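Biologist: Hi! I'm new to this one, so please walk me through it.

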Amino acid sequence: GDWWVVKGVNCGQDDVWRGGYDRYPCQHARYFRFEDGWLNNITVETTEPINAVIITVPHATLPSPGLIRLEYDDEPLLPQIEMWYIVSYPEENFMMVFWCGTNPALDYNGGFVLSRTKTMNDMLPETEAEFRRVAEAHGVDYDAMCVSDNSACLG
């Protein structure tokens with residue numbers, strides 16, 4: 001199914017969270033079955049340093065409950081692997097994920113709140129309270145996470 005990044009941890013705010021990978025608007029992941037596995041069609045729109053739409057389609061597997069492994073075969077730096085850890089899924093339209101990735105050039109990480117829609121507008125107050133609790137348990141200030149403006153996104 002479809003998932004939008006609506007709030008992110010790695011906003012490029014300090015030396016711990018370099019890269020700002022979770023701050024880009026219009027991060028949209030679409031999981032679908034393909035042959036004997038899954039693909040995650042990811043699109044990201046950026047404005048820095050230029051306006052661009054990035055499209056990548058890693059292979060997705062579920063090696064254990066709550067873990068999504070993404071293996072890219074369309075990147076210039078291979079192997080590139082990301083592990084997405086679902087740390088909270090309190091309602092069917094929202095989940096919190098912390099992730100880490102690696103390729104030959106660097107290791108990188110972040111986390112985000114995913115939504116079935118482009119915004120957090122329909123999030124239940126108890127879901128946000130749960131995300132705040134889980135974020136704190138992982139050393140992250142939920143209220144300092146950057147909110148993604150997906151209002152002008154296609155899709």
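Biologist: Let's start with Tyr21: is it buried, partly exposed or exposed?
Modeller: Tyr21 counts as partly exposed, because its relative accessibility is 29%. With a 1.4 Å probe and protein chains only, buried means under 20% relative accessible area, exposed over 50%, and partly exposed in between. This is a predicted model, where local features need pLDDT of at least 70 and side-chain atom pairs count only at pLDDT 80 or more, while totals for chains, interfaces and linings use all residues. Residues are numbered from 1 along each chain as its sequence is written, and side-chain values use heavy atoms, leaving out hydrogens and water.

Biologist: Which kind of pair do Tyr21 and Trp99 make?
Modeller: Their ring centres are 6.2 Å apart and the planes stand at 70°, so the pair is edge-to-face. Rings of Phe, Tyr and Trp (its six-membered ring) pair with centres within 6.5 Å; planes under 30 degrees apart are stacked, over 60 edge-to-face and the rest tilted.

Biologist: And where do the two partners sit?
Modeller: Tyr21 is in the loop between strand 1 (2-8) and strand 2 (28-34), and Trp99 is in strand 8, 78 residues apart, so to speak of distant parts of the chain being linked is fair. Strands (E, at least two residues) and helices (H or I, at least four) are DSSP runs numbered from the N terminus. Trp99 itself counts as buried, because its relative accessibility is 7%.

Biologist: How many aromatic pairs are there?
Modeller: There are six. Ring pairs also join Tyr21, Trp84, Trp99, Tyr108 and Phe112 into a cluster.

Biologist: What lies over the face of Tyr142?
Modeller: That's Lys7, at 4.0 Å from the ring centre. The rule asks for NZ of Lys or CZ of Arg within 6 Å of the ring centre and within 35 degrees of the ring normal.

Biologist: New topic: where is Leu154?
Modeller: Leu154 lies in the segment after strand 10 (146-147). With a relative accessible area of 70%, Leu154 is exposed. Its C-alpha atom is separated by 23 Å from that of His59, and the two residues are 95 apart along the chain.

Biologist: Last thing: where is confidence lowest, and where is it highest?
Modeller: In the protein chain, the lowest is strand 4 (residues 52-56), with a mean pLDDT of 74, and the highest is helix 1 (residues 125-137), at 98. The chain averages 89, and 95% of the residues score at least 70. pLDDT is the predictor's confidence in each residue, from 0 to 100.
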